[in-house]
Amino acid sequence: MNKTIPFLFLICAVLALLVGSTFGALASFQYIFPEFLKELIPFNKIRPLHVSSVIGWVVLAATGGIYYYLTETLKLSIFSKKLMVVHFTVFMLVALAIYISYFTGKMGGREYMEFLPILTLPILFGWFLFGINYFKTVVKKITNWPVYLWMWGTGIIFMMYHLSEAHFWFIPYFRENFIRDISVQWKSYGSFVGSWNMLVYGTSIFVMAKIKHDDNIGRGKKAFFFYFLGLANLMFGWAHHTYIIPTQPWIRYVAYAISMTEWVVLYSIIIDWKRSLSKQSVERNHFSYRFLLATDFWVLINLFMALLISIPYLNFFTHGTHITVAHSMGTTVGINTTILLSSLFFILNQHQSKLINKTVKSINVGYWLFNVSLFIFLTTLMLAGAKRSSWMYNEMSATPFSSFHESLFPIITTFIIAGLGILVGLLLVCLPLLKGFIVEVCPPNPPEGRA
Amino acid sequence: MVCFIFLQSIKIIFLSKTKQNKLIIITLVTTFVMYNYFVYTQTSIEPTPKLSELAIKGQQLYQENNCTACHQIYGLGGYLGPDLTNIISNPIKGSEYVKAFLNSGVKSMPKFNFSEGEKEAFVQFLAEVDKTGYYPNYKAEMQPDGWVKLMYKTNE
């Protein structure tokens with residue numbers, strides 16, 4: 001029972017990732033074939049289907065992992081199993097309602113949360129239950145909290161706050177002033193992503209500490225420095241999304257100053273960890289380790305990019321172009337997804353290492369296909385962004401949008417092929433995971449049949 | 001729920017092991033509260049015109065049909081269609097042009113079926129957005145330290 005709900009979270013997470021990536025691939029086709037699926041699922045429905053599904057992946061995978069680690073790895077007894085079941089049920093019902101909302105076109109929310117806004121209430125309720133269960137389980141049970149417990153707790157609290165803040169537009173005071181409204185909207189998104197990063201990075205530190213059997217990773221001064229820097233970024237670092245909106249300059253000054261320093265620290269932590277890892281524990285956690293190595297690489301690439309585009313002068317030209325998408329997909333796919341896949345392999349390895357060993361080859365192919373395709377994918381987005389910027393600032397008055405759009409076709413075609421590569425790579429990696437977790441939840445034979 | 005968030009935050013602060021951590025957290029949280037207050041009250045350059053009721057209706061329609069999936073305002077949104085921030089004041093486009101597009105079903109744009117009243121609401125929304133500023137901000141000034149001084153519309 002203890003493991004069932006965490007595993008159900010993880011199964012749904014993997015399904016959300018696969019479904020979400022498939023919607024993404026279908027959506028990308030509409031860039032070159034505007035009539036493709038236009039009647040059935042037009043782009044204004046398929047884009048939110050893609051985005052909400054992959055956000056679902058991040059949230060469910062992090063949540064399932066945290067429940068598992070608390071109860072199975074840290075051996076804490078959960079405050080209430082019932083709350084955990086209700087939490088899972090609420091999230092599943094909401095997910096269903098969100099899909100119905102998109103398919104029927106009954107939307108009304110803002111970008112990234114386009115579903116009927118009323119559905120935010122049960123989502124908040126789910127986080128609230130998670131919060132109660134989390135804090136009641138860990139507070140006073142563990143003294144001298146390692147940093148990952150801090151990060152998970154912070155993530156849950158700020159998630160609730162910023163999810164609410166993303167709906168301040170219901171309050172006339174915000175809505176009537178367009179500049180205030182749109183700024184607060186984007187403030188909430190930046191911090192919302194910061195909140196789930198707390199959950200995900202906390203997970204990465206946890207997995208590193210466990211692979212290495214060294215709890216000091218989560219306790220050192222450096223880890224806490226990183227945590228506080230991340231928290232400061234979560235709180236104040238959002239405004240690089242809105243440099244271009246005519247707000248008061250001070251908001252943009254603060255964002256410029258805070259910038260995106262958090263990557264540096266994460267990077268240095270991972271490097272330290274890798275340096276001192278013994279060979280044995282690496283082999284036992286092969287894919288878990290490999291995905292963290294991929295994280296390493298993507299952190300470096302994204303760090304470089306993020307630092308560049310948070311300089312206002314460069315941001316001026318990259319804002320409103322595909323370079324922004326390269327940044328957001330680079331971090332969600334390159335960093336968040338590799339960390340969470342690492343976490344899932346770490347968990348499954350505790351129960352089904354044989355199954356993983358049997359599929360090493362195909363996972364390996366998937367791993368490389370995923371990473372190489374992602375590299376091409378991000379490169380094409382950067383190129384498309386550069387072209388769009390050049391069009392916006394040099395030729396917009398002379399070249400109509402449709403001709404500009406058509407000039408992107410060769411780049412977009414490469415982008416679509418790379419996207420399909422990511423999808424196939426993910427399938428190869430995820431199917432064994434999915435199978436393993438399903439076998440765990442409903443074993444084919446009575447439990448003694450499992451060697 | 002607000003109470004819960006508040007109580008847990010207090011608990012976290014007291015849980016922290018060292019004085020130093022406690023101090024950092026208290027500083028961060030206090031700054032955050034003050035910062036939020038300023039962001040919520042002092043973001044916009046005054047006077048930013050208040051959105052009219054009709055414009056808010058237009059904005060609502062914009063959300064219900066998820067125009068954001070393909071269009072941007074201030075560069076924020078999807079990239080399948082063009083940015084709409086200054087379409088109304090664009091001398092070769094303007095409100096009649098916008099109305100003509102709405103039910104056209106051109107390219108990937110879905111074939112909508114808006115009434116005349118709804119079209120008016122869209123135009124009103126876009127017209128009032130247009131008054132808040134420029135995008136792209138062609139007259140922005142680049143400064144040697146990497147800063148960009150935006151050109152504002154409201155205090156021209």
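Which pattern does chain B follow, read along the sequence? Colour chain B by secondary structure and trace it from its start: the order is α-α-α-β-β-α-α-β-β. That comes to five helices and four strands. Keep in mind throughout the tour that this is a predicted model.

**Stop 1: chain B as a whole**

Stay with chain B for a moment. It has 156 residues, and 53% of them are buried. Now think about its contacts with a separation of 6 or more: 45% of these are between residues 24 or more positions apart. Before leaving, select B:Lys153 and B:Tyr134. The lysine lies over the face of the tyrosine, at 4.9 Å from the ring centre.

**Stop 2: the largest nonpolar core**

Next, select A:Trp57, A:Trp127, A:Leu149 and A:Trp152. These residues have the most contacts inside the largest nonpolar core, which has 197 residues. Add helix 7 of chain A, residues 178-212, to your view; this helix gives the most to the core, with 18 residues. As background, nonpolar side chains in soluble globular proteins tend to be buried together.

Zoom in on A:Trp57 and show what is around it. Setting aside neighbours within four places in sequence, A:Trp57 is in contact with A:Ala13, A:Val14, A:Ala16 and A:Leu17, and also with A:Thr337, A:Leu340, A:Leu341 and A:Leu344.

**Stop 3: rings meeting rings**

Show the aromatic side chains now. Over all chains, the structure holds 58 aromatic pairs. Try A:Phe291 and A:Phe345: their ring centres are 5.8 Å apart and their planes meet at 10°, so this pair is stacked. The two residues are 54 apart in the chain, with A:Phe291 in helix 12 (residues 286-309) and A:Phe345 in helix 14 (residues 322-349), so to speak a link between distant parts of chain A. Both A:Phe291 and A:Phe345 are buried.

For another arrangement, select A:Phe297 and A:Trp298. Here the centres are 4.8 Å apart and the planes stand at 75°, so the pair is edge-to-face. Which of these two is buried, and which is partly exposed? A:Trp298 is buried, with a relative accessible area of 1%, whereas A:Phe297 counts as partly exposed at 38%.

Then select a whole group: A:Phe7, A:Tyr68, A:Tyr69, A:Tyr148, A:Trp152, A:Phe206, A:Phe346 and A:Phe437 form one aromatic cluster. You met A:Trp152 earlier, among the residues with the most contacts inside the largest nonpolar core.

**Stop 4: charges in chain A**

Move to A:Arg180 and A:Tyr173. The charged end of the arginine sits over the tyrosine ring, 4.0 Å from its centre.

Now find A:Glu72 in helix 2 of chain A, residues 43-73. What is the nearest side chain of opposite charge to A:Glu72? That is A:Lys3, 4.9 Å away; A:Glu72 is buried yet has no salt bridge. Beyond its neighbours within four places in sequence, A:Glu72 is in contact with A:Asn2 and A:Lys3.

**Stop 5: A:Pro312, touching chain B**

Finish at A:Pro312, in helix 13 (residues 312-318) of chain A. This proline is buried, with a relative accessible area of 5%. Show its surroundings from both chains: not counting residues up to four places away in sequence, A:Pro312 touches A:Tyr243 and A:Tyr256, along with B:Gly146, B:Trp147 and B:Val148. As a last exercise, draw a line between the C-alpha atoms of A:Pro312 and A:Thr63. These residues are 249 apart in sequence and 35 Å apart in space.

Note on methods. Residues numbered from 1 in each chain as written. Chains lettered and ligands numbered in written order. Predicted model: local features only at pLDDT ≥ 70, side-chain atom pairs only at ≥ 80, totals over all residues. Heavy atoms only, no water. Core = buried A, V, L, I, M, F, W, Y, C linked by side-chain atoms within 4.5 Å. Buried < 20%, exposed > 50% of the residue type's maximum accessible area, 1.4 Å probe, protein only. Contact = heavy atoms within 4.5 Å. Phe/Tyr/Trp six-rings, centres within 6.5 Å; stacked < 30°, edge-to-face > 60°. Lys NZ or Arg CZ within 6 Å of the ring centre and 35° of its normal. Lys, Arg positive; Asp, Glu negative; His and termini not counted. Salt bridge = Lys/Arg side-chain N within 4 Å of Asp/Glu carboxyl O.
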